[in-house]
Amino acid sequence: DIVFLRPLVAEYFAGSATHIWVLTDEENVPIGFLGLAGDSIAALFMDPAHRGQGAGRRLVSHAQELRGGALTVDVNEQNVDARGFYEALGFAVVGRSPVDDMGLPFPILHMRREAPSRTGAA
């Protein structure tokens, strides 16, 4: 599957309006990245050695800060870790597609997190 998907991913990022933010460690080594297309998280990947340490949360917070409004993300229904991660950040399932973007039988959950309320604003 990876061999099949590699050129599709390269083509997507070469021609898309997705903005990429890379998070690095203290030695400037990349440990993760987030792709943001409009108000949608198009990609979020973390080095497994850095999962569970708040880096993914920081990237999502950065995206929310940049957009200022609600964020959306699509998650493969079978990826329970990703779903749990996003639910822990306040995303909720708002829809479901029985197939992925390529028409393959991988159900996709559509998730959304509203913008944080700004209490105390004048």
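## A residue to start with

Is M102 buried, partly exposed or exposed? With a relative accessibility of 42%, M102 counts as partly exposed, because that class covers values from 20% up to 50%. Keep in mind while you look around that this is a predicted model.

To find M102, go to the loop between β5 and β6, where β6 covers residues 108-113. M102 also has some nonpolar company: together with F4, L5, L8, V9, L104 and F106, M102 forms a nonpolar patch on the surface. Taken together, the residues of that patch have about 590 Å² of accessible area.

## Helix α2 and what it packs against

Next, have a look at helix α2, which runs over residues 55-67 and so has 13 residues. From its first C-alpha to its last, α2 reaches 19 Å, close to the 18 Å expected at 1.5 Å a residue.

Which residues of α2 are buried? They are A55, G56, L59, V60, A63 and Q64. An α-helix has 3.6 residues a turn, so residues three or four places apart point the same way. The buried residues of α2 pack against quite a list of elements: the strands β1 (19-24), β2 (30-37), β3 (40-46), β4 and β6, plus helix α3. Just after α2 comes G68, which takes a positive phi of about 75 degrees.

## Three salt bridges

How many salt bridges does a search of the whole structure find? The search turns up 3.

Let's take R96 and E77, whose closest N and O atoms are 2.8 Å apart. This pair ties together distant parts of the chain, 19 residues apart: R96 sits in strand β5 (residues 92-97), while E77 is in the loop between β4 (71-76) and α3 (80-88). Both ends are partly exposed, R96 with a relative accessible area of 48% and E77 at 28% relative accessibility.

Then there is the bridge between E87 and R83, at 2.9 Å from N to O. Here the partners share helix α3, and because they are 4 residues apart, about one helical turn separates them. E87 is partly exposed at 37% relative accessible area, and R83 is partly exposed as well, at 31%.

That leaves R112 and E114, whose side chains meet in a salt bridge at 2.6 Å, N to O. R112 is partly exposed, with a relative accessible area of 32%.

Definitions and conventions: Residues numbered from 1 in each chain as written. Predicted model: local features only at pLDDT ≥ 70, side-chain atom pairs only at ≥ 80, totals over all residues. Heavy atoms only, no water. Salt bridge = Lys/Arg side-chain N within 4 Å of Asp/Glu carboxyl O. Helix = DSSP H or I, 4+ residues; strand = E, 2+ residues; numbered from the N terminus. Buried < 20%, exposed > 50% of the residue type's maximum accessible area, 1.4 Å probe, protein only. Patch = residues over 30% accessible without salt bridge, like charges linked within 9 Å, V, L, I, M, F, W, Y side chains within 5 Å. Areas by Shrake-Rupley, 256 points an atom, 1.4 Å probe, with all protein chains shown as cover. Expected span 1.5 Å × (residues − 1). Contact = heavy atoms within 4.5 Å.
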